[in-house]
Amino acid sequence: MRVFRTKPVEQSIADAEGGEHRLRRSLSALDLTVFGIGVIVGTGIFVLTGVAARQAAGPAVAISFVIAAVVCGLAALCYAEFASTVPVAGSAYTFSYATIGEFPAWIIGWDLMLELALGGAVVAAGWSGYFTSLLKNFGIRLPESIAGDHAVVNVPAAVIVLLLTAVLVAGIKMSARFNGVMVAVKLVVVLIVIVAGLFFVKGENYRPFIPPPHEVPADHGLAAPLIQVVFGVTPVAYGVFGIFTAAALVFFAYIGFDVVATAAEETRDPQRDLPIGIIASLAVCTLLYVAVSLVVVGMQHYSTLSESAPLADAFRAVGEPWLATMISVGAIAGLTTVVMILMLGQSRVLFAMCRDNLLPRSLARVHPRFRTPYRITVVIGGATALLAALIPLSAIAQLVNIGTLFAFVVVAIAVLILRRTRPDLPRAFRTPWVPVVPVFSVLASLYLMLNLPIETWLRFVVWMIVGAGVYFLYGYRRSRVSATVPEPALER
């Protein structure tokens, strides 16, 4: 079937090296690691610890972070093999095109819009909240009509997106330097929080480390998790099952490491540097998350933790409000890098799709000086700014989660397929223990997807149906892979 035609790996690599579509290779392993830390360390480290500890795991939330890291680690090993074997922009889209076929690749590219574009808008709205709160500490109050949860037009969110769009257009090295500064700020804040918090830790707050389990009221209707409806699983808080429930919650603090793979085409030595960047960033963030979670549950009993700002409120409770202000500064720096790198990832995925003619090819134009896909970057920046400014996104934010997990499933399956169909390809990094690691990655991702509400699944299915319609109306007939005539010259 033509919808399952694949794009040879050699053709993808040739596209990356070709003339007007060539991006500048300037990123090192350190740049990629900092990119990964920049996109992973966001509100999760400042918020999810309190939610998971209070609702599900108690002090054992640190174990939940480790379990979630293992799940992400399985996916990271699969991403590392693909990114080093097919070092081309597009991440999971490109990997799918080389193994499963064009239509599945389109679907995964369409799916990545949920993780990246929508995710960028959601985080920009969160950035606006922290920025507005920080201004209040200095006596500056923005009108509620232009900032805050009930703003008519969220101006700060739109402004930060547009400023970051300009940084992304100015070049990948400029983006890496800006990201490095912001990551340094938030890492300093996180480390200060960990060290300062140790002075207020009380041993009795860790007892019992794993609280005894008990049933909790179940959600009903479309708000109920799919696993509850399909398998009749009774929700449980605390105990061993509570630790796994919390792992499903804190997993989303790790979302974003896969974005590192989208920068493959701009990496100097992708076969070596991409696996380092993906795995090292995940390892560093895991250590930070575990340390922060152990400190915060040691400072306050898990049953009294704040669910909206657990770190800041914990320091206020021990009489150190100045650290709460510092945490806000760290959160702003953290969210700034998350927004930028999510937009970077989205631009590279859509750039690859435009280069394949599945979207308008003129958008794949690369800037002659900066060597960035500036047209598609500007389009994404404008759309993200509009979403962040005008649309209340909290109700659909979980689409980011299901989109990410779906991408994990596809990449793990693609590793198995490419090992079988192209064993001859040189692989600088090989996923260990194949097929065990990819199979466990698929199962773990599916388990976490089952913990999402039915309404999220319904929205996801509708989005996929819309994507299929766009493909058959536009991309199916224009695909470069199926073309029998020379491709048209790129618009200038």
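In this predicted model, the axes of helices α6 and α17 come within 9 Å of each other and cross at roughly 130°. That makes the two helices oblique, and their crossing is right-handed. On the α6 side, the contact is made by E102, F103, W106, I107, W110, D111, M113 and L114. Helix α17 brings F460, W463, M464, V466, G467, A468, V470, Y471, F472, G475 and Y476 to the same contact. Sort those residues by class and you get 15 nonpolar, two polar and two charged.

Aromatic rings turn up on both sides of this contact, so to speak, and they are worth a closer look. Ring pairs link F103, W106, W110, W463, Y471, F472 and Y476 into a cluster. The structure holds 19 aromatic pairs. To read such a pair, you want two values: the distance of the ring centres and the angle of the planes. Take F103 and F472: their ring centres sit 5.3 Å apart with the planes at 35°, so the pair counts as tilted. F103 lies in α6 (residues 102–137) and F472 in α17 (residues 454–478), so this pair ties together parts that are 369 residues apart in sequence. Y471 and Y476 make another pair, this one edge-to-face, at 6.0 Å centre to centre and 75° between the planes.

How buried or exposed are the rings in these two pairs? For F472 the relative accessibility is 38%, so this residue counts as partly exposed. Y476 is partly exposed too, because its relative accessibility is 22% and the buried class stops at under 20%. Y471, by contrast, is buried, with a relative accessible area of 0%.

Now for another helix pair. Helix α4 (residues 61–85) and helix α10 (residues 239–250) pack at about 60°, with their axes 8 Å apart. They are therefore oblique to each other, and this crossing is right-handed. The residues in contact are V61, I63, S64, F65, I67 and A68 from α4, and I243, F244, A246, A247 and V250 from α10. By class, this contact has 10 nonpolar residues, one polar and no charged ones.

Just ahead of α10 comes a backbone oddity. Y238 is not a glycine, yet its phi is positive, at about 65°. This tyrosine sits in the loop between β2 (236–237) and α10, and it is buried, with a relative accessible area of 10%. S91 has a positive phi as well, of about 55°, again without being a glycine. Its place is the loop between α4 and α5 (92–99). At 3% relative accessibility, S91 counts as buried.

S91 also shows up among the contacts of T262, a residue in the loop between α10 and α11 (270–299). Which residues does T262 touch, leaving aside its neighbours within four places in sequence? They are A89, G90, S91, G345, R348 and V349. T262 counts as buried, since its relative accessibility is 2%.

A glycine with positive phi turns up elsewhere: G319, which follows α12, has a phi near 80°. Helix α12 itself covers residues 310–317, and its buried residues are P310, L311, A312, A314 and F315. It helps to recall that an α-helix has 3.6 residues a turn, so residues three or four places apart point the same way.

Then there are the cis peptide bonds. One runs from R207 to P208, with omega near -5°, and another joins V434 and P435, with omega about 10°. Here they are side by side, with the loop that holds each proline:

| Cis peptide bond | Omega | Loop of the proline |
|---|---|---|
| R207 to P208 | near -5° | between α8 (172–198) and β1 (214–215) |
| V434 to P435 | about 10° | between α15 (398–421) and α16 (436–450) |

Back to the helix contacts for a last look. The α6 and α17 contact includes two charged residues, whereas the α4 and α10 contact has no charged residues. Both crossings are oblique and right-handed.

Technical notes:
Residues are numbered from 1 along each chain as its sequence is written. This is a predicted model: local features need pLDDT of at least 70, side-chain atom pairs count only at pLDDT 80 or more; totals for chains, interfaces and linings use all residues. Side-chain values use heavy atoms; hydrogens and water are left out. Axes are lines fitted to C-alpha atoms, for helices over the stretch in contact, and angles run from 0 to 180 degrees between N-to-C directions. Helices (H or I, at least four residues) and strands (E, at least two) are DSSP runs, numbered from the N terminus. Angles under 35 degrees count as roughly parallel, over 145 as roughly antiparallel, 65 to 115 as roughly perpendicular and the rest as oblique. A crossing is left-handed if the near helix is turned anticlockwise from the far one by less than a right angle, and right-handed if clockwise. Contact means heavy atoms within 4.5 Å. Ala, Val, Leu, Ile, Met, Phe, Trp, Tyr, Cys and Pro count as nonpolar, Asp, Glu, Lys and Arg as charged, and the others, Gly among them, as polar. Rings of Phe, Tyr and Trp (its six-membered ring) pair if their centres lie within 6.5 Å; planes under 30 degrees apart count as stacked, over 60 as edge-to-face and the rest as tilted. Buried means under 20% relative accessible area, exposed over 50%, partly exposed in between (1.4 Å probe, protein chains only).
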